[in-house]
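Here is a brief report on how the strands and helices of one chain are arranged. Keep the structure open while reading.

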Amino acid sequence: MRLLVVEDEKRIADFLCRGLQGAGYAVDAALNGGTALEFFQATDYDLVILDIMLPDMDGLQVLEKMRDRKAGPPVLILSARGALDDRVRGLEQGADDYLVKPFAFVELLARVRALLRRGQPAPERLQVADLTLDCIRRKVNRAAEPIDLAPKEFGILEYMMRNKGRPLSRTMIVEHVWDMDYDGLTNIVDVYIRHLRSKIDDRFTQKLIHTVRGIGYMIEAPVEKPPEAPTEPPAEPTAEPQA
Ligand code: CA
């Protein structure tokens, strides 16, 4: 999947690119409308994320030019807070969805996934051992028991489950789940992991969330252990062969 990000604020463009690349997408960034249209002509994108306020032309003009081509990819527009007219006009001109700035990355990613999934069957469901996460209905179950998570807890868990078996640093987790204006300590991840553990792991023998020393955290199904050795002295060996 290849995405085009059209955003003139470099900080935001970098943030989006990093996050989307982290989610497994190839991403090109255009810092103005002219470059965006050049890229758009030259490459087949699966999705375009388009800021409305651009230095050289209005994002809606860019959208109009993109929509001149017949079957274009879905377009998600980014608009400033409260600019309702832009959003309405954007949707009228063929944008598929919009997001108001500032937004949390997890929200953007959910919209991106929803747009990319359109027309594709089968809802996405993630599983690690007996823990399941339904990305569409945003429901989590462990051993068929529903678990209620706050949005950020859900975001962290979804990110970890998409990357099961892969250690994730606190920074990676923060960049995926907090919005770009969050510049606090990555220690906040530890707090949320504690909440997640209390909801997901504490009541169960098999722990799924693991601390990876020097890195951060990882979710993984436990490896099946062979039965424990008996504590009593072993019985006298017999001549019978083992079954
Ligand atoms: Ca802008």
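## Sheets, helices and a hairpin

D134 stands opposite K139 in strand 8. That pair belongs to strand 7 (residues 131–134) and strand 8 (residues 139–142), which run antiparallel and are joined by four bridges. The model is predicted.

**The antiparallel sheet.** Strands 7 and 8 sit in an open sheet of four strands, in the order 6-7-8-9, with antiparallel pairing. Which strands stand at the edges? They are strand 6 (125–128) and strand 9 (145–147). Each has a single partner strand, so one side of each is left without a neighbour in the sheet. Neighbouring strands here are turned by 25° against each other on average, direction ignored. Helix 6 (residues 151–162) packs on this sheet. Helix 6 touches strand 6, strand 7 and strand 8, and its direction makes about 110° with that of strand 7.

**The parallel sheet.** Five strands form another open sheet, in the order 2-1-3-4-5, and the pairing is parallel. Strand 2 (26–30) and strand 5 (97–100) are its edge strands, and each pairs on one side only. The average turn between neighbouring strands of this sheet is 20°, direction ignored. Strand 4 (residues 75–79) pairs with strand 5 in the parallel sense, over four bridges. L76 stands opposite D97 in strand 5. Helix 3 (residues 59–68) packs on this sheet, touching strand 1 (2–6), strand 3 (47–51) and strand 4. The direction of helix 3 makes about 155° with that of strand 3.

**Helix pairs.** Helix 7 packs with helix 6 and also with helix 8. The table gives the geometry.

| Helix pair | Angle | Axes apart |
|---|---|---|
| Helix 6 (residues 151–162) and helix 7 (residues 170–177) | about 120° | 10 Å |
| Helix 7 (residues 170–177) and helix 8 (residues 188–200) | about 80° | 9 Å |

Helix 6 and helix 7 are therefore oblique to each other. Their crossing is right-handed. Helix 6 makes the contact with K152, G155, I156 and Y159, and helix 7 with M172, I173, H176 and V177. By class, the residues of this contact are five nonpolar, two polar and one charged.

How do helix 7 and helix 8 lie, and which residues touch? The two helices are roughly perpendicular to each other, because their angle of about 80° falls in the 65 to 115 degrees range. R170, I173 and V174 of helix 7 meet I188, V189 and D190 of helix 8. This contact has four nonpolar, no polar and two charged residues. I173 is listed in the contact with helix 6 and in the contact with helix 8.

**A hairpin.** Strand 11 (residues 209–212) and strand 12 (residues 216–219) run antiparallel, joined by four bridges. I209 stands opposite I219 in strand 12. The hairpin has three residues between the strands, and G214 takes a positive phi near 80°.

**Confidence.** The chain averages a pLDDT of 84, and 85% of the residues score at least 70. Where is confidence lowest, and where is it highest? Helix 4 (residues 84–92) is lowest, at a mean of 77, and strand 9 is highest, at 96. Where pLDDT is low, the predicted coordinates should not be read in detail.

Notes:
Residues numbered from 1 in each chain as written. Predicted model: local features only at pLDDT ≥ 70, side-chain atom pairs only at ≥ 80, totals over all residues. Heavy atoms only, no water. Pairing = 2+ DSSP bridges. Axes fitted to C-alpha atoms, helices over the stretch in contact; angles between N-to-C directions. Contact = heavy atoms within 4.5 Å. Parallel < 35°, antiparallel > 145°, perpendicular 65-115°, else oblique. Left-handed = near helix turned anticlockwise from the far one by under 90°. Nonpolar A, V, L, I, M, F, W, Y, C, P; charged D, E, K, R; others polar. pLDDT = per-residue confidence, 0-100.
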